[in-house]
Amino acid sequence: MRTNYCGLVNKKYLGSKVNVVGWVHRRRDHGGVIFIDIRDREGILQVVVDPDSAEAFDVAEQVRNEFVIQVTGLVRDRPDGTVNDSLISGQVEVLVEKIIILNSADPPPFLMDDEKITESVRLEYRHLDLRRPEMQKNIRIRHKVGMLVRNFLNNEGFLDIETPMLTKSTPEGARDYLVPSRIHEGQFFALPQSPQLFKQLLMIAGYDRYYQIVKCFRDEDLRADRQPEFTQIDIETSFLHSDEIMKMMEEMVRYVFDKSADIKLPDPFPRISFHDAMDKYGSDKPDMRIELVLTELTQAVKDVEFKVFRDAVNRKDGRVAALRVPNGSQLTRREIDDYTEFVKTLGAKGLAYIKINDIDNIAEGLNSPILKFISDDIIRKILHLTEARSGDIIFFGADKRKIVNDSLGALRLKVGTEKKLLSKQWMPIWIVDFPMFEFNEDEKKWNSLHHPFTSPAEGDEAFLKDDPGKALSKAYDMVINGWEIGGGSIRINDIKIQKKVFEALDISETLAQEKFGFLIKALNSGAPPHGGIAFGLDRIVALICQVDSIRDVIAFPKTQRAQDLLVDAPNLVEEKQLRELNLKLRKKNKVDE
RNA sequence: GGAGCAUUAGUGUAGCGGUUAACACGUCGCCCUGUCACGGCGAAGACCACGGGUUCGAUUCCCGUAUGCUCCGCCA
């Protein structure tokens, strides 16, 4: 049917006869001569239909946008002055001898080079959206990233091993997608949130280096970077220290970014502790491109009169911190009000600030509603600690530590982006030294920060029993430009420590046996030191493609309400299907007729 | 569960307490032999998301619902 891809026809084929097939991108009918831009996945080719070939001309007049056509003709130079440099094939054109309509098409709801289509229309007509060159590019980069990952890991001796999709529901973690078992009445499989335990079992089984590019499922609410089904690059190794794993994974990521999009990432990636990341950036996934940092002020303002500060200082989980914005004194009242509203949505009660017009004149060079509550001494201290200069503004957060970090951390991103206080560099960073646990205020118990199989840091096993909040773990997260793209850890391979961690998490011996009995058994049968990491493939590809949402790198994504607008899923099922599964709906729904 | 923004021909937008609801692209027809976002002339195409309220009168103002997106909660 075809001798060449449309987009790849060039001067090399001058004088030869080609057969091309593709979609009609655009038709320009000049009455006497008709140009058709024919498009396939490689690009666009202009074909010319001359009235001399009456039969072809007749067909060309019937052709419409998005028809599928086959064209036979001669590749020739374009006449002087009609070269189109924006096409790879733009030096040449094909003089049509024969044109066949392989299939007609309804007029599409949008043109394939329209860039202003709203997302719901794109999702409803995803098969057309995916025809658009931009989506074709993204999906191909995704393919390339996958292949590069496989190349790299294959070269390092990793084995691709599949793990089950129908598996077991586990406590903790995200909400599971459940699959009812027909054979076992009242029982359910769960779709994997990740192959975590299987890959540990593979290490115990001696496969030494495992990887898998695999779908994972979490029934939680969606975000721009979160879909209910997403793809992990799942990796596990035996007999490697965390430094060795991190070094190898960095290399992989550098290789993938370089070879897929010629993006050069630094070597090595810098590292920062979880504690410092929260302290300086108010986030465990800081966007290091943004130049702004938080300044710790809790101690510095401990004797201040200002009630908002004093209350924060006096509570045991309180924090007072500042965000200095260079040249921010030019911010309008309106902008500051907007920022105040913004931090309120994140739990802050307000947003105190000081505008610094003249730093050498404390008495009159500052502008702020809170000055009268703060002594000159403390103001000098604040100005010194934040390294303020004339023309700056300083925003303050004073509340529970979490609220201060969330609100100033988010404000840092917002102001940094809006005021363009960011570098154009790619800024990967490792977050290390995570705490083992964080305290869940609602349930009054400790939860794993990573997962319950993460090894405590050397020597920190001692804290597990009496002071779990103090224990650090051997976990590491990779963050690029504020996107958490991967996380992993050295795992526990000592059953005694695993049991202590279960205890700290308030997972009873019975529950541990019931849910993780197979792991406990395996840990008792010669478990090697092991650890690994899992990357979010969708996020990596989105970064490389420089799109804002992973939906733009997933062929068939779901909407924020977790629906597929193209196939209209999920949907109601037949009563018969429910009966086979021994299921009964609690509220009666109308079943589709 | 909560907050915000949006919803007007096929698509993307404008508009406004009383309009013939405007523009661009697309579509259809006629004309056109070198265009490439071809051009010219003409035409068709909208219950202004849905339900309620305010009003003499609502596409416009208010409330609710639905849907899409962003964020919080949630995501070991």
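A residue is taken as buried when its relative accessible area is under 20%, as exposed when that area is over 50%, and as partly exposed in between. By this criterion M147, which is found in helix α4, is partly exposed, because its relative accessible area is 37%. The structure in which this residue is placed is a predicted model, and the values reported below were computed from it. Although M147 and G536 are 389 residues apart along the chain, their C-alpha atoms are separated by 15 Å.

In overall organisation, chain A comprises 16 helices and 22 strands, and its C-alpha trace spans about 95 × 75 × 55 Å along the principal axes. Of the 593 residues in chain A, 49% are buried. When contacts in chain A are restricted to those between residues at least 6 apart in sequence, 68% of them join residues at least 24 apart.

The largest nonpolar core contains 44 residues, and those with the most contacts inside it are I235, M249, M252, F257 and F535. At least two residues of this core are supplied by each of the helices α4 (133–155), α6 (242–261) and α15 (537–545), and likewise by each of the strands β10 (229–238), β17 (428–432), β20 (475–480), β21 (483–490) and β22 (530–536). The greatest contribution is that of α6, which gives eight residues to the core. The surroundings of M252 illustrate how the core is assembled: once neighbours within four places in sequence are left aside, this residue is in contact with V149, F152, L153, I233, I235 and F535. Another core, lying apart from the one just described, has 26 residues, and L297, A352, I362 and F396 are among them.

Helix α15, one of the elements that supply the largest core, was examined further. This helix is largely enclosed by the rest of the structure, because nine of its nine residues are buried. The buried positions are L537, D538, R539, I540, V541, A542, L543, I544 and C545, a set that includes D538 and R539 alongside residues such as L537 and I540. The helix is followed by Q546, for which phi is positive, near 55°.

Individual strand residues were considered next. R209 lies in strand β9, which covers residues 209–217, and R209 is classed as buried because its relative accessible area is 17%, under the limit of 20%. Apart from neighbours within four places in sequence, R209 is in contact with E156, G157, F158, L159, M203, E236, T237, L240 and M248. By contrast with these contacts, G469 is 260 residues away along the chain, and the C-alpha atoms of R209 and G469 are separated by 32 Å. In strand β18, formed by residues 437–440, is found N440; this residue is also buried, with a relative accessible area of 16%. Excluding residues up to four places away in sequence, N440 touches K445 and N447.

The cysteines were also inspected. C6 counts as buried because its relative accessibility is 0%, and C216 likewise counts as buried at 0% relative accessibility. With a disulfide taken as a pair of cysteine sulfur atoms within 2.5 Å, the count of disulfides comes to zero.

The model also includes RNA strand B, around which there are 51 residues, with T82, T118, S448, H450 and R561 coming nearest. Of the atoms of RNA strand B that come within 4 Å of the protein, sugar and phosphate account for 54%. The surface near RNA strand B is made up, by class, of 14 nonpolar, 18 polar and 19 charged residues. Among the elements of secondary structure, β1 (17–29), β2 (34–40) and α2 (119–124) each supply at least two residues of this surface.

Polar contacts to RNA strand B involve both side chains and backbone. An N or O atom in the side chain of R28 is 2.7 Å from a base oxygen of RNA strand B, whereas an N or O atom in the side chain of D221 is 2.5 Å from a base nitrogen of the strand. For S448, one of the residues that come nearest to RNA strand B, a polar backbone atom is 2.4 Å from a sugar or linking oxygen.

Technical notes
Residues numbered from 1 in each chain as written. Chains lettered and ligands numbered in written order. Predicted model: local features only at pLDDT ≥ 70, side-chain atom pairs only at ≥ 80, totals over all residues. Heavy atoms only, no water. Core = buried A, V, L, I, M, F, W, Y, C linked by side-chain atoms within 4.5 Å. Buried < 20%, exposed > 50% of the residue type's maximum accessible area, 1.4 Å probe, protein only. Helix = DSSP H or I, 4+ residues; strand = E, 2+ residues; numbered from the N terminus. Contact = heavy atoms within 4.5 Å. Near = heavy atom within 4 Å. Polar contact = N/O pair within 3.5 Å; in protein donor to acceptor, adjacent residues only side chain to side chain. Nonpolar A, V, L, I, M, F, W, Y, C, P; charged D, E, K, R; others polar.
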